[in-house]
Amino acid sequence: STLQRATLAAWPASRRTAPRVASAPAAGRAPPWSGFRGAMAFCGAFCSGGGTSNAEQPEPCAQSPGPFKLGLIADIQYADRDDGTDFSGREHRHFRHALEVAMRAVQHWNEAGVDKVIQLGDVIDGYNSQAKQTDSALNAVLDVLDACRARARYDVIGNHDLYNFPRSALQGSRLQCFGEEGKVYRVERLNNRWDAVILDGYERALIHAEDDGFEAAQKLMRKHNPQVFGERADWFAGLPKEKHRFVPYNGAVSSAQMAWLEGALKVSAAEGRKVLVFTHIPLFVGATKESTLLWNAEAVLKILHTYRDTVVAVFAGHDHDGGYAVDPAGLHHITMNSALTADVGSDCCAVLECYDDGRARFIAHGRACVVSKTSGQGKAYAELHLEKGFGNEPSLPARQPDGAGAAEMRAARLARFDTPGGT
């Protein structure tokens with residue numbers, strides 16, 4: 001199939017082995033294109049054997065030696081459609097290639113031996129809802145991610161996920177997006193030292209009128225940017241930059257969620273645990289653009305800063321151009337670049353190593369995090385050391401057109417892996 005040939009071409013000859021396990025879609029799932037089973041067989045080979053669903057993998061009692069490892073990916077936004085651009089025409093989107101990026105991510109995670117995976121939202125594109133391909137697209141991506149041998153996967157909810165599913169339908173999807181209390185926002189205990197706090201950035205949103213937070217979102221939008229309710233095409237016309245966040249593809253957390261967040265962090269702090277925060281929408285403008293911020297980001301940051309000795313880093317997606325910054329309280333903010341906009345044949349994922357002494361290290365595969373406010377074209381970070389006072393600098397070259405600079409990227413990556421402590 002076309003996907004088989006494209007996937008095979010993206011890998012060195014040493015990896016082109018016959019699949020040992022063919023991970024076919026479950027009965028009743030419609031493949032998004034012919035040849036999907038073959039593509040999944042290739043994924044089985046690349047990922048060192050078929051994986052199992054989260055429900056089939058029991059939580060081990062003993063902790064693995066060495067650092068706890070998380071696999072990370074953001075904004076896959078897969079759809080079975082030709083390449084396109086965003087509304088501005090600037091951002092190039094490779095919808096089918098995004099599935100290949102996910103396949104390669106699973107291979108990297110399996111080779112690294114990640115313990116768990118966090119998918120930062122927008123797993124499929126909103127186009128799928130219009131094309132009535134939501135189920136087939138979601139199954140295509142999750143069949144790939146299920147080939148990972150991690151013990152669990154946690155899914156963050158993004159705006160494109162909600163374009164495809166009303167909240168009432170999320171429970172019946174294959175997304176792992178609810179905690180034990182039935183909420184999208186939750187705490188997941190990663191190991192004996194680390195907690196993952198997952199936020200619901202669309203608890204107040206304009207996506208579904210039947211949602212509990214819709215009226216509150218309308219009220220907020222009418223106060224800050226009422227022109228989104230009119231016929232004017234440009235939501236940002238005449239709007240001060242500090243209010244660019246007030247557009248319908250962003251959202252907010254509720255006061256109840258903020259009270260819950262403070263309580264969760266208080267427990268983690270009392271137990272001497274370290275916390276990583278995961279949100280689809282970024283919280284700190286230094287790591288993103290003004291137009292891709294949580295509506296009430298400052299209120300959330302105020303809570304996080306109260307627990308600055310407990311919270312280590314905040315991970316987000318949403319802004320496909322990515323970014324990285326340290327806020328005034330010393331918290332690291334990593335906005336991961338989108339798998340959807342990765343150059344064809346390239347990677348866009350990461351492995352996060354979490355150490356018992358409270359340090360963490362973000363190891364990028366491809367341009368998974370780049371310098372903020374460079375429209376995704378700036379230098380990229382090969383790795384980020386996430387500890388108080390550490391100054392991280394980008395070491396990979398800026399993005400260049402038509403694949404220029406790819407050899408330099410590969411050379412820099414190999415040099416990194418040849419150094420002590422490389423992965």
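Mentor: Before we look at aromatic residues, take one definition: rings of Phe, Tyr and Trp, the last through its six-membered ring, count as a pair if their centres lie within 6.5 Å. This is a predicted model, and here F278, F315 and F362 form one aromatic cluster.

Trainee: How many aromatic pairs does the structure hold?

Mentor: It holds six aromatic pairs. In general, a pair of aromatic rings is described by the distance of the centres and the angle of the planes. Take W235 and Y249, whose rings are 6.3 Å apart centre to centre with 45° between the planes, which makes the pair tilted. Both W235 and Y249 lie in the loop between α8 (214–224) and α9, 14 residues apart. W235 is partly exposed, at a relative accessible area of 28%, whereas Y249 is buried, at 17%.

Trainee: What kind of pair do F246 and W295 form?

Mentor: That pair is stacked, with 6.4 Å between the centres and 25° between the planes. F246 belongs to the loop between α8 and α9 and W295 to the loop between β8 and α10, so their pairing ties together parts 49 residues apart in sequence. F246 counts as buried at 7% relative accessibility, and W295 counts as buried at 4%.

Trainee: Which residues lie over the faces of F95 and Y355?

Mentor: R81 lies over the face of F95, at 4.8 Å from the ring centre, while R359 lies over the face of Y355, at 4.4 Å from the ring centre.

Trainee: Turning to the interior, which residues have the most contacts inside the largest nonpolar core?

Mentor: The general idea is that, in soluble globular proteins, nonpolar side chains tend to be buried together. In this model the largest nonpolar core has 66 residues, and those with the most contacts inside it are I76, W109, L265, V300 and L304. Among the elements that give two or more residues to this core are the helices α3 (97–112), α5 (134–145), α9 (255–270) and α10 (297–306), together with strands such as β8 (274–278) and β9 (311–316). It is α3 that gives the most, with nine residues. Leaving aside neighbours within four places in sequence, L304 is in contact with L261, L265, V277, L283, V311, V314 and L331. Another core lies apart from the largest one; it has 32 residues, including L120, V312, L352 and L386.

Trainee: Why can α5 be called largely enclosed by the rest of the structure?

Mentor: The reason is burial: 11 of the 12 residues of α5 are buried, so the helix is largely enclosed by the rest of the structure. Among these buried residues are nonpolar ones such as L138, V141 and L145, but also T134, S136, N139 and D143. The length of α5 can be checked as well, because at 1.5 Å a residue its 12 residues should span 16 Å, and its end C-alpha atoms are 17 Å apart, which agrees.

Trainee: How many disulfides does the structure hold?

Mentor: It holds zero disulfides. For C348, the nearest cysteine sulfur is that of C349, 7.4 Å away, whereas a disulfide requires sulfur atoms within 2.5 Å. C348 is buried, with a relative accessible area of 2%. C369 is likewise in no disulfide, and its nearest cysteine sulfur, that of C348, is 9.6 Å away. C369 counts as buried at 0% relative accessibility.

Key: Residues numbered from 1 in each chain as written. Predicted model: local features only at pLDDT ≥ 70, side-chain atom pairs only at ≥ 80, totals over all residues. Heavy atoms only, no water. Core = buried A, V, L, I, M, F, W, Y, C linked by side-chain atoms within 4.5 Å. Buried < 20%, exposed > 50% of the residue type's maximum accessible area, 1.4 Å probe, protein only. Helix = DSSP H or I, 4+ residues; strand = E, 2+ residues; numbered from the N terminus. Contact = heavy atoms within 4.5 Å. Expected span 1.5 Å × (residues − 1). Phe/Tyr/Trp six-rings, centres within 6.5 Å; stacked < 30°, edge-to-face > 60°. Lys NZ or Arg CZ within 6 Å of the ring centre and 35° of its normal.
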